Amino acid sequence: MIKAIDRFLDHQTMYRLVLYHLIALLGTALVLGFFKLVPHETLTLAFTTGLMLAACWITNKVFAAVFEVPANSESVYITALILALILDPVAATDLKGIGAIVFACVWAISSKFILAIGRKHLFNPAALGVALTALLLDQPATWWVGGSLPMLPVVLAGGLLIVRKLRRLDLVATFVAVALAMTLSTTEPSQYATALTETLGSSPLLFFAFVMLTEPLTAPTTRWPRIAFAAIVGFLFAPNIHVGSFYFTPELALLTGNLFAYAVSPKGRLVLTLERIERSAVDSYDFIFSSPRKLAFEAGQYLEWTLGLGRSDNRGNRRYFTVASAPTEQSVRLGVKFYPRSSAFKQALGELKPGGTIHASQLAGDFTLPADPETKIAFLAGGIGITPFRSMLQYLVDVHEKRPIVVLYGAETQQDIAYRDVLDSAKRELGVKTVFAVANGAERGQYPGYIDARLVRLAIPDYLDRIFYISGPQAMVKALRKKLLAMGVRRSRIKVDYFPGFA
């Protein structure tokens, strides 16, 4: 069951999964509305949802054209559907209510463009839209999706899938724990059971945590700042937290957390210009871009890459890829493998010509070299999964820093081996040993087959003393991690290359 779920999740981008979840919630609400099991009538809710989708879509088209940035269609629909689930619907004859709805939509979408620094927006769009509507029009969000008990199973089911997809259990658990602790701290002990029941079953807590808190663009990108962010928002989310007579609402708690996230996260969005394309292996190419300013990052981190697609597929126009270049290199290198049925994103990338541009933002990732240069390391790579190791090894070569590293590189054929030049330089200048495991057509000195426990024991006799980094296809990463655990390698000494939206 878990494997089937993971296979499904591996083929969905994070944005598409959130969109599916919101559609499921709206669909459920529309059905339950016929039976009066949610607080709003089906026709009113359908009318308001359509109005929000139209207002958000038009606003996004206008601002994307004015600011000359790619329009992210999924995020438009996501914002509109979130608003539909937290603002009360209005009837077609309620002109004042319609005005408030359109106001919330316009501000939510426009905030991505006008409340942005370095082309990176600061605030969760839906939270900002409803906060301004409450402040200026006295039309606050009711968060009705969280107060409807019949909706709870759908909130939970989709929310848990999002958390598993994003690997953000630490974020959600910290937020929920802090919010519950603060709620109980201001509650009489005799009322604890009632407070817990209402908070978990009839409040926006879970929907807020699963859908809004996890938005990657307005949350910190590394673990400890992310946990601090969750704690801040959880503290302010509790209903009795106030400053004087001013009480926080869920959206204000999130907006406050967004400011903290911005302060501790990498800044800005880059518009990169394609310089040239190099073939790194069969069906694999490096797209080498110039940047308007030096990109500061750690070897092994990844970026969110956005292309303006006329028509995207179900994977959208945004993808996460590791930066293949080293922090010491001037150009930004993106290594990609192309398959016979590549996504619309990869097809557009493959058609990109020198002078074409791509947007890069949301630098993130903890798959980086340990701080202690004496730490023994083993890199296990499969196919184009060698890209983070290419970045790390090229960086070490450039700074002339020797580290105790062994590389096991698995490939189907000789032609699938990428970055031989960097691996050769690392061996020649740093003494880094690379063992190739080639499934078909292994040459003398190479290991015939895939990376397995036998090869690990042969090539790395001191494997129990090393930290393992694994990067490659998801199935390979999971299989190798399982093998290492069975060999006695501690869980804490295995790092895997994972980033949200992998599909």
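# Notebook: contacts in a predicted model

**Entry 1, salt bridges.** I began with a charged pair: Asp170 and Arg223 form a salt bridge through their side chains, with 3.5 Å from N to O. The model is a predicted one. I then looked up where the two partners sit. Asp170 belongs to helix α8 and Arg223 to helix α11 (residues 223-237), so this bridge links distant parts of the chain, 53 residues apart. I also checked how much of each partner is accessible. Asp170 is buried, at 16% relative accessibility, whereas Arg223 is partly exposed, at 38%.

I counted the salt bridges in the structure and got twelve. Another of them joins Glu278 to Arg276, with an N to O distance of 3.0 Å. For this pair I noted that Glu278 is partly exposed at 31% and that Arg276 is partly exposed at 37%.

A further bridge runs between Asp462 and Lys376, whose closest N and O atoms are 3.0 Å apart. I found both partners in loops: Asp462 in the one between α16 (453-459) and β15 (467-471), Lys376 in the one between β10 (357-364) and β11 (377-382). They are 86 residues apart, and the pair links distant parts of the chain. Lys376 is partly exposed, with 32% relative accessibility.

Which residues are joined into one network by salt bridges that share partners? I listed Glu275, Arg276, Glu278, Asp286 and Arg333. Glu278 and Arg276, the pair noted above with 3.0 Å from N to O, are therefore both members of this network.

**Entry 2, cysteines.** How many disulfides does the structure hold? I found zero. Cys56 is in no disulfide, and the cysteine sulfur nearest to that of Cys56 belongs to Cys105, 3.8 Å away. Why is there no bond between Cys105 and Cys56? The two sulfurs are 3.8 Å apart, which is too far for a bond, because a disulfide needs the sulfur atoms within 2.5 Å. I looked up accessibility as well: Cys56 is buried at 0%, and Cys105 is buried at 0%.

**Entry 3, Thr187.** I located Thr187 in the loop between α8 (169-185) and α9 (192-201). Is Thr187 buried or exposed? Its relative accessible area is 18%, and the limit for buried is under 20%, so Thr187 counts as buried. A polar atom of the Thr187 side chain lies 2.6 Å from the backbone oxygen of Thr183. I then left out neighbours within four places in sequence, and Thr187 was in contact with Tyr192 and Ala195.

**Entry 4, nonpolar cores.** The largest nonpolar core has 89 residues. Which members touch the most other members? I wrote down Leu22, Leu83, Phe175, Phe207, Phe208 and Met212. Helix α2 (residues 14-34) gives the most to this core, namely ten residues.

I followed up Leu22. Setting aside neighbours within four places in sequence, I found Leu22 in contact with Ile78, Leu81, Ile82, Leu85, Phe207 and Val211. One of these, Phe207, also appears in my list of residues that touch the most other core members.

There is a second core, separate from the one above, with 30 residues. Among them are Ile377, Phe389, Val397 and Ala418.

**Entry 5, aromatic pairs.** My search of the whole structure gave 19 aromatic pairs. Phe63 and Phe67 make a stacked pair, with 6.2 Å from centre to centre and 20° between the planes. Both residues lie in helix α3 (residues 42-67), four residues apart, or about one turn of the helix. Phe67 is partly exposed at 34%.

Next I took Tyr302 and Tyr320. Their ring centres are 5.6 Å apart and their planes stand at 85°, so I recorded the pair as edge-to-face. Tyr302 is in strand β7 (residues 302-306) and Tyr320 in strand β8 (residues 318-322), so the pair ties together parts 18 residues apart in sequence. Both tyrosines, Tyr302 and Tyr320, are buried.

Last, I noted a cluster in which ring pairs link Trp143, Phe175, Phe208 and Phe237. Phe175 and Phe208 were already in my notes, among the residues that touch the most other members of the largest nonpolar core.

Technical notes: Residues are numbered from 1 along each chain as its sequence is written. This is a predicted model: local features need pLDDT of at least 70, side-chain atom pairs count only at pLDDT 80 or more; totals for chains, interfaces and linings use all residues. Side-chain values use heavy atoms; hydrogens and water are left out. Buried means under 20% relative accessible area, exposed over 50%, partly exposed in between (1.4 Å probe, protein chains only). Helices (H or I, at least four residues) and strands (E, at least two) are DSSP runs, numbered from the N terminus. A polar contact is a pair of N or O atoms within 3.5 Å; within protein, one must be able to donate a hydrogen and the other to accept it, and residues adjacent in sequence count only if both atoms are side-chain atoms. Contact means heavy atoms within 4.5 Å. A salt bridge is a side-chain nitrogen of Lys or Arg within 4 Å of a carboxyl oxygen of Asp or Glu. A nonpolar core is a set of buried Ala, Val, Leu, Ile, Met, Phe, Trp, Tyr and Cys residues joined through side-chain atoms within 4.5 Å. Rings of Phe, Tyr and Trp (its six-membered ring) pair if their centres lie within 6.5 Å; planes under 30 degrees apart count as stacked, over 60 as edge-to-face and the rest as tilted.
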